[in-house]
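Subject: Structure handover

Hi,

Here is the structure I promised to pass on to you. Please have it open while you read, as my notes follow below.

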Amino acid sequence: MTTPAELDRHFREAAGGLPGGLPRADPAARVRAGSRLDGVTLLAIFDAQAESRHLDFAARWMQQQGGGYYTISSAGHEGNAALAAALRPTDPALLHYRSGGFYCARARQGSEVDPVHDVLLGVAASADEPIAGGRHKVFGRAELGIIPKTSTIASHLPRALGVALGIGRAAKLGVACPWPRDAVAVASFGDASASHSTAVGAINAACHTAYQGIPVPLLLVCEDNGIGISVPTPPGWVAASFAARPGLRYLAANGCDPVAAYDAAAQAVELVRSRRRPAFLHLSVVRFLGHAGSDAEAAYRTAADLAADLARDPLVATAVVLVGAGLLTPDEAVARYDAVGERVRDAAERTLSSRPLASAAEVMAPLAPRHPWRVAERASVGPDRAAPADGPVTLAQAVNLALGELLGTYPAMCVFGEDVGRKGGVYGVTKGLQRRFGPARVFDTLLDEQSILGVALGGGLTGLLPVPEIQYLAYLHNAADQIRGEAATQQFFSAGQFRNPMVVRIAGYAYQKGFGGHFHNDNAVGALRDIPGLVIASPARPDDAAAMLRTCLAAAAEDGSVCVFIEPIALYHTRDLHDDGDGGWLAAYPAPDAHVPAGQARSYGDGTDLTMVTFGNGLRMSLRVARRLAARGIGARVVDLRWLAPLPADDLLREARLTGRVLVVDETRRTGGVSEGVITALTDVGYTGQIARVTSEDSFIPLGPAASAVLLDEPTIEKAAVSLLHTRRTRG
Ligand SMILES: Cc1ncc(C[n+]2csc(CCOP(=O)(O)OP(=O)(O)O)c2C)c(N)n1
Ligand SMILES: [Mg+2]
């Protein structure tokens with residue numbers, strides 16, 4: 001492996017040994033005939049490259065001192081400083097983890113930000129680090145328009161597409177956006193990452209959108225060093241994959257040559273900015289210092305490969321141009337590089353004594369801020385709240401009316417997903433909304449859940465209030481990381497400086513009378529329940545659904561909350577509760593000031609023998625069972641959780657203590673379902689009475705009548721209720 005010391009020595013020897021004695025050039029002049037790059041800009045690029053290189057050295061030194069926790073370097077990729085120089089500092093950027101050059105270059109474009117200080121604090125995991133506050137080492141800064149991303153490669157590309165689309169949409173809707181309407185969204189990534197399904201999906205979605213003539217000001221930048229950790233990318237693959245995609249302009253350049261990189265970047269940026277169409281900039285680069293500090297590169301790379309990379313060192317290449325153009329002498333180039341090195345080393349020494357995050361409370365402070373009073377205030381006002389329905393409504397009608405009411409209340413709100421626009425949703429829940437609010441606010445997307453959520457993620461950053469729909473719960477799972485790894489972490493990894501408010505509506509749960517099999521009857525919520533900070537609403541009744549949707553929108557607008565709103569398909573059009581024609585499942589549309597605070601349950605009945613804790617379809621089954629139990633002389637009360645996160649712990653404890661016997665009625669799976677959380681929550685808050693649970697089986701759901709064999713049903717609930725009472729009696 002090329003060590004930091006070797007890399008350092010190589011630069012001084014190569015730059016110091018360049019032929020000097022050239023006449024002095026005017027820094028305002030172009031550095032090369034036919035190029036747009038001038039001397040002032042190239043000097044700034046060189047400074048940024050040198051800063052980035054010395055930061056990589058410093059990170060390793062800090063690790064050796066026991067005060068550095070991140071060693072993935074930018075060495076070899078510093079050509080991305082030229083990309084930053086070709087962009088405006090007001091162009092939102094989501095950057096590859098080798099973007100030291102870009103970061104340093106952008107910080108020098110008129111801001112007060114000291115990039116050296118920022119990066120070193122990140123390496124030290126310092127609480128004073130300005131973007132993630134020590135929660136991760138990321139490239140990000142609100143002042144620099146750099147949106148931090150996670151370590152999950154390519155997972156930022158759907159979001160980047162969302163930002164690109166959001167810029168135009170926000171302008172169209174008159175919504176305040178942090179970036180100007182002619183901004184270009186830029187997203188960079190590695191060559192191996194370009195083959196990740198998330199990248200492929202997002203790029204496809206960008207092409208699909210541009211192909212329809214919709215503006216997509218997105219610049220995709222692949223920094224191709226030919227390898228992903230130890231696995232080579234087949235030579236030519238990136239070009240073969242992306243050079244001829246419909247709607248996507250492809251440009252390639254040697255990313256180690258600052259002039260070629262700058263000119264190609266400038267051309268790409270201009271194209272994207274003026275035509276509002278996506279472009280793919282393919283920069284060939286090299287990788288020094290292995291994948292990360294611990295990587296024994298010699299095990300999988302030859303000495304000849306390493307030497308070939310060294311010969312392409314982008315810092316040397318910049319020095320060659322500077323010296324060749326008469327902007328610096330060889331000695332000045334080395335001295336300038338050394339001066340940066342000294343400054344970075346001094347700063348690194350000081351950073352070793354920086355302050356780490358000290359407590360769970362400090363770590364978690366920005367995770368999911370909650371201001372229930374402000375949410376309540378926002379949820380209960382609205383100009384368009386004149387009773388939208390006269391008589392009682394179904395669940396589907398209530399959600400439809402609430403969406404209409406909320407679109408009228410929040411000018412930044414957008415409703416989108418597969419089939420939600422023209423058709424009005426598979427179950428008619430979004431019917432009429434596009435006609436009423438227009439296709440800029442209610443629209444169909446392509447069939448890709450990852451991209452749907454990406455549009456929401458980026459939309460939130462551009463000032464929109466996204467309400468994406470996932471057509472069925474089972475289809476969340478192929479895109480779950482966009483909620484788990486992206487949406488839910490945004491405030492955490494940016495100390496609250498960036499947020500992606502959203503309310504993800506998902507049609508879910510089972511009881512479709514055998515239709516559709518597992519994928520239209522999925523009852524698994526485990527993948528959502530453990531996501532820190534996520535709000536999960538699970539309404540069962542029409543009035544609750546409308547009021548809870550108000551809460552979710554208000555929480556998203558006020559706190560940037562990420563909310564998932566699970567709508568029970570089987571109850572969408574249900575009208576009756578006990579008997580045909582009783583209309584017991586219909587409800588009056590809630591009053592304008594009604595909302596349901598997150599984590600507040602709803603109770604039914606006043607029985608003193610048994611508390612049934614449930615939600616969703618379980619509520620209807622439990623209410624029906626409760627009536628049969630009453631006929632047998634057993635008084636049951638039924639509690640609808642309404643929120644699966646946060647669980648209504650206080651309400652639960654109160655209702656449980658009223659009877660001392662709890663039966664959890666959970667339509668989800670026995671393992672990883674809701675009942676485990678309810679029982680644990682009760683135990684945690686000190687409940688000592690009896691508890692039992694009934695659930696669906698740990699199974700996928702089969703097609704046809706066999707579905708009922710694995711799903712929780714009323715006889716099972718009734719039997720468990722009776723048996724719980726019996727147990728109590730015999731035990732005395
Ligand atoms: C989804 C995902 N899978 C695996 C990893 C582990 N990982 C981190 S970097 C990397 C290789 C990326 O290679 P490339 O995209 O070429 O970027 P480079 O490091 O070469 O700049 C892998 C596999 C990850 N971060 N994310
Ligand atoms: Mg690579």
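Does Q512 count as buried or exposed, and at what relative accessibility? This is a predicted model, so please read everything below as computed from it. Q512 sits at 13% relative accessibility, which is under the 20% limit and therefore makes it buried. Its place in the chain is the loop that runs between β12 (502-508) and α19 (526-529). From there, the side chain of Q512 reaches the backbone oxygen of Y509, at a distance of 3.1 Å.

A second loop residue you may like is R287, found between β7 and α10 (303-310). R287 has a relative accessible area of 2%, so it is buried too. Its side chain has two polar contacts to show you: one of 2.7 Å with the side chain of Y300, and one of 3.2 Å with the side chain of E297.

Now to the metal. The magnesium ion (ligand 2) is coordinated by D191 through OD, by N225 through OD1 and by the O atom of I227, at 2.0 to 2.1 Å. Written along the sequence, the spacing of these donor residues is D-x33-N-x1-I. N225 and I227 are both buried. If you plan to look at the geometry of the site, do keep in mind that water is not among the atoms, so the site may look incomplete.

I227 turns up again at ligand 1. There are 17 residues around ligand 1, and those that come nearest are H96, Y97, S151, S193 and I227. By class, this shell is made up of 10 polar, five nonpolar and two charged residues. Three contacts to oxygen atoms of ligand 1 are worth listing for your setup:

- S193: a side-chain N or O atom is 2.5 Å from an oxygen atom of ligand 1.
- R98: a polar side-chain atom lies 2.8 Å from an oxygen atom of ligand 1.
- I227: here a backbone N or O atom lies 2.8 Å from an oxygen atom of ligand 1.

Taken alone, ligand 1 exposes 580 Å², and the protein buries 74% of that area.

Last come the aromatic rings. The count comes to 13 aromatic pairs. One of them is F242 with F280, a stacked pair with 4.6 Å from centre to centre and 15° between the planes. What does this pair tie together? F242 belongs to helix α8 (residues 237-242) and F280 to strand β7 (residues 279-284), so the pair links parts that lie 38 residues apart in sequence. Both F242 and F280 are buried.

Y472 and Y475 make an aromatic pair of the edge-to-face kind, with 6.0 Å between the centres and 90° between the planes. Which side of the 20% limit does each of these tyrosines, Y472 and Y475, fall on? Y472 has a relative accessible area of 8%, so it is buried, whereas Y475, at 25% relative accessibility, counts as partly exposed. Both tyrosines belong to one aromatic cluster, formed by Y427, Y472, Y475, F519 and Y572.

That is what I have for you. Do write back if you would like to go through any part of it together.

Best wishes

Conventions:
Residues are numbered from 1 along each chain as its sequence is written. Chains are lettered from A and ligands numbered from 1 in the order in which they are written. This is a predicted model: local features need pLDDT of at least 70, side-chain atom pairs count only at pLDDT 80 or more; totals for chains, interfaces and linings use all residues. Side-chain values use heavy atoms; hydrogens and water are left out. Donors are N, O and S atoms within 2.8 Å of the metal (3.2 Å for Na, K and Ca); water is not among the atoms, so sites may look incomplete. Buried means under 20% relative accessible area, exposed over 50%, partly exposed in between (1.4 Å probe, protein chains only). A residue is near a molecule or strand if one of its heavy atoms lies within 4 Å of it. A polar contact is a pair of N or O atoms within 3.5 Å; within protein, one must be able to donate a hydrogen and the other to accept it, and residues adjacent in sequence count only if both atoms are side-chain atoms. Accessible areas come from the Shrake-Rupley method with a 1.4 Å probe; for residues, only the protein chains shown count as cover. Ala, Val, Leu, Ile, Met, Phe, Trp, Tyr, Cys and Pro count as nonpolar, Asp, Glu, Lys and Arg as charged, and the others, Gly among them, as polar. Rings of Phe, Tyr and Trp (its six-membered ring) pair if their centres lie within 6.5 Å; planes under 30 degrees apart count as stacked, over 60 as edge-to-face and the rest as tilted. Helices (H or I, at least four residues) and strands (E, at least two) are DSSP runs, numbered from the N terminus.
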